[in-house]
Amino acid sequence: MPDLPNMASPREVALLLERFGLKPLPGRGQNFLIDGNVVQKIAAALEVKRGEAVVEVGPGLGALTQALAGLDARILALELDRGLVRLLQELMKPLAAVTVVQGDALQVDWRALCRSYFGAVTAVKLVSNLPYNISSPFMYALLKQNFPFSRAVLMFQKEVAERIVAPPGDGSYGGLSVLCQYYAAGKILFKVSSRVFWPRPGVESAVMLLTPREKALSAGEEAFFWRVVQGSFQQRRKTLLNSLIKVFSWPRETAAGLLRQALIEPSARPETLSVYEFAKLSRILYNYDRNSD
Ligand code: SAM
């Protein structure tokens, strides 16, 4: 490995940024990991094998990128901040297996990106210490595109990680929980103190493992699943019946009949439904819609 700055030292990190005329930008969630142990734990959780394709979102100053390069992975690092991209491209020049690309994780076409860098839309491993302000939209973008990950190790604000794994009936259970749990099995691996970042954020974090689940719905049914889940949790206090009427503009009796067909009480609230019930309902709604034209 070439001689890279010691990312565990806030002083070296500050000097590195200064050398490139940069400062951490809070608006971009730039809290850099300065604890080698946490970096190693995240890298180890990804279980990278030699030559595997890894996508890193928001590499920042490259603390995780360096650790992964040491495991002989082929790494595509996508960073939004042009100043950091400049810095990283210089820093990572000696590491042939690392490609740093400028782009927005919320806008990128993941399949096209993987195809152009890895030569195919192959199963990739995904890793990120995510900027807190984009966690939910990032997960939605990733899942909606069916990003082909075989394993993802992601750091979130602790409360977001708890929402992702929350069961029905829990106060944190919502649209993010249902959508994430449909696509992947999630597990909180360990909590991370705000002390291991520079600058120190105002929140605690948690590292999660996500492994994809086999999908139960067809593409058409999935489109309904997204509409039902997002539509009903946007109006959490409404009954499912009222949400369905609003989302699909169906007559009350039709919507009530479809809910009953899925063995769901029309007066039920979205937070009481399991992922399985949402999926079953979506299939019924999709079939009704297809046959009613
Ligand atoms: N991985 C580094 C680490 O652990 O020290 C930095 C993590 S920092 C919490 C988040 C990084 O994501 C920053 O480098 C930030 O510039 C970048 N970022 C913010 N929004 C982004 C977006 N929409 N797409 C890609 N990168 C983004």
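**Close-ups of a predicted model**

**View A. L84, a buried leucine in helix 4.** L84 has a relative accessible area of just 2%, so it counts as buried, the cut-off for that label being under 20%. Keep in mind throughout that this is a predicted model. L84 is found in helix 4. Leaving aside residues up to four places away in sequence, L84 touches L17, L22, Q30, F32, G60, L61 and E79. One residue to look for elsewhere is A112: it lies 28 residues from L84 along the chain, and the two C-alpha atoms are separated by 23 Å.

**View B. Helix 1 and its buried face.** Helix 1 runs over residues 10–19, and V13, L16 and L17 are its buried residues. Why do they line one face of the helix? Looking down the axis of helix 1, the buried residues fall within an arc of 95°, so they share one face. As a reminder, an α-helix has 3.6 residues a turn, so residues three or four places apart point the same way. Now turn to the other side of helix 1, where R11, E18 and R19 are exposed.

**View C. What sits over helix 1, and what follows it.** The cover over the buried residues of helix 1 includes strand 1 (32–33), helix 4 (82–91) and strand 8 (197–198). L84 from View A fits in here, as it belongs to helix 4 and has L17 among the residues it touches. Just past the end of helix 1 comes G21, with a positive phi of about 65°.

**View D. Two domains and the contact between them.** The protein chain splits into domain 1 (10–212) and domain 2 (219–291). Taken over C-alpha atoms, their centres are 33 Å apart. Domain 1 brings 15 residues to the contact and domain 2 brings 14. Together the two domains bury about 1,200 Å², with 67% of that on carbon and sulfur atoms.

**View E. A closer look at the domain 1 side.** Which three residues supply more of the area that domain 1 buries against domain 2 than any other three? They are Y173, L179 and Y182, and they supply 41% of it. How many salt bridges are there between domain 1 and domain 2? The count is zero, but six residue pairs are in polar contact between the domains. Helix 6 (135–144) and helix 8 (175–183) each give at least two residues to the side of domain 1 that touches domain 2. Helix 8 has the largest share of that side, with six residues.

Conventions. Residues numbered from 1 in each chain as written. Predicted model: local features only at pLDDT ≥ 70, side-chain atom pairs only at ≥ 80, totals over all residues. Heavy atoms only, no water. Buried < 20%, exposed > 50% of the residue type's maximum accessible area, 1.4 Å probe, protein only. Helix = DSSP H or I, 4+ residues; strand = E, 2+ residues; numbered from the N terminus. Arc of directions from axis to C-beta. Contact = heavy atoms within 4.5 Å. Domains from an automatic or database assignment. Buried area = accessible area lost by both parts, 1.4 Å probe. Salt bridge = Lys/Arg side-chain N within 4 Å of Asp/Glu carboxyl O. Polar contact = N/O pair within 3.5 Å; in protein donor to acceptor, adjacent residues only side chain to side chain.
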